[in-house]
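Student: I'd like to go through this model with you, one question at a time. Could we start once it is on screen?

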Amino acid sequence: MAYTKTVWVNNQAPAINADNLNKIENGIAANDVAATKNAADIVTAKADLATKASGYPYTITLTAAGWSNNTQNAAIAKATATNSIVVSPIPANQSAYSDAGILCTAQAAGSITFVCDSVPATDIQVNVLVVD
């Protein structure tokens, strides 16, 4: 039901009476019920999401000296050949990661592999999330 706003003007209709005050009270009560339900729904959704999208976060360092033929492997204990893995450089390393053309291109039991277009001059930290 859409809300119809009442415009109140001193010494003019509508009157401040029980009907109009009860309309306000009923609206407040209905909003309180809706807000309480929404809050409960948010808690339920968060719990549901947590059970469906559990994962294992890591922050790894791709060292400047660790590149061999523009390839570097990183040990990730929970990695398998088939689970989902999300990688993203930490914000401070975003430009260097992008400039070097770094990509995560392979995964296996216990490790993931990165390749680069050009070897970066500095170490680059990368956030890794292994999703079950």
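Tutor: Happy to! Helices (H or I, at least four residues) and strands (E, at least two) are DSSP runs, numbered from the N terminus. Keep in mind that this is a predicted model.

Student: With that in hand, where is asparagine 70?

Tutor: One strand, β1, covers 55–62, and β2 covers 71–75. Asparagine 70 is placed in the loop between β1 and β2.

Student: Is asparagine 70 buried, exposed or partly exposed?

Tutor: Buried means under 20% relative accessible area and exposed means over 50%. Asparagine 70 has a relative accessible area of 28%, so this residue is partly exposed.

Student: What is the phi of asparagine 11?

Tutor: Good one to look at! Most residues other than glycine have a negative phi. Asparagine 11, in the segment before α1, is not a glycine, yet its phi is positive, at about 60 degrees.

Student: And what is the relative accessibility of asparagine 11?

Tutor: The cut-off for exposed is over 50%. Asparagine 11 counts as exposed because its relative accessibility is 84%.

Student: What is omega for the bond that joins alanine 13 and proline 14?

Tutor: Most peptide bonds are trans. Proline 14 is also in the segment before α1. The bond joining alanine 13 to proline 14 is cis, with an omega of about 5 degrees.

Student: Which residues make the nonpolar surface patch of about 510 Å²?

Tutor: One member is Leu21, which lies in helix α1 (residues 18–52) and is partly exposed at 43% relative accessible area. The full set is Trp8, Ile16, Leu21, Ile24 and Ile28.

Methods:
Residues are numbered from 1 along each chain as its sequence is written. This is a predicted model: local features need pLDDT of at least 70, side-chain atom pairs count only at pLDDT 80 or more; totals for chains, interfaces and linings use all residues. Side-chain values use heavy atoms; hydrogens and water are left out. Patches are made of residues with over 30% relative accessible area and no salt bridge: like charges are joined within 9 Å, nonpolar side chains (Val, Leu, Ile, Met, Phe, Trp, Tyr) within 5 Å. Accessible areas come from the Shrake-Rupley method with a 1.4 Å probe; for residues, only the protein chains shown count as cover. A salt bridge is a side-chain nitrogen of Lys or Arg within 4 Å of a carboxyl oxygen of Asp or Glu. Buried means under 20% relative accessible area, exposed over 50%, partly exposed in between (1.4 Å probe, protein chains only).
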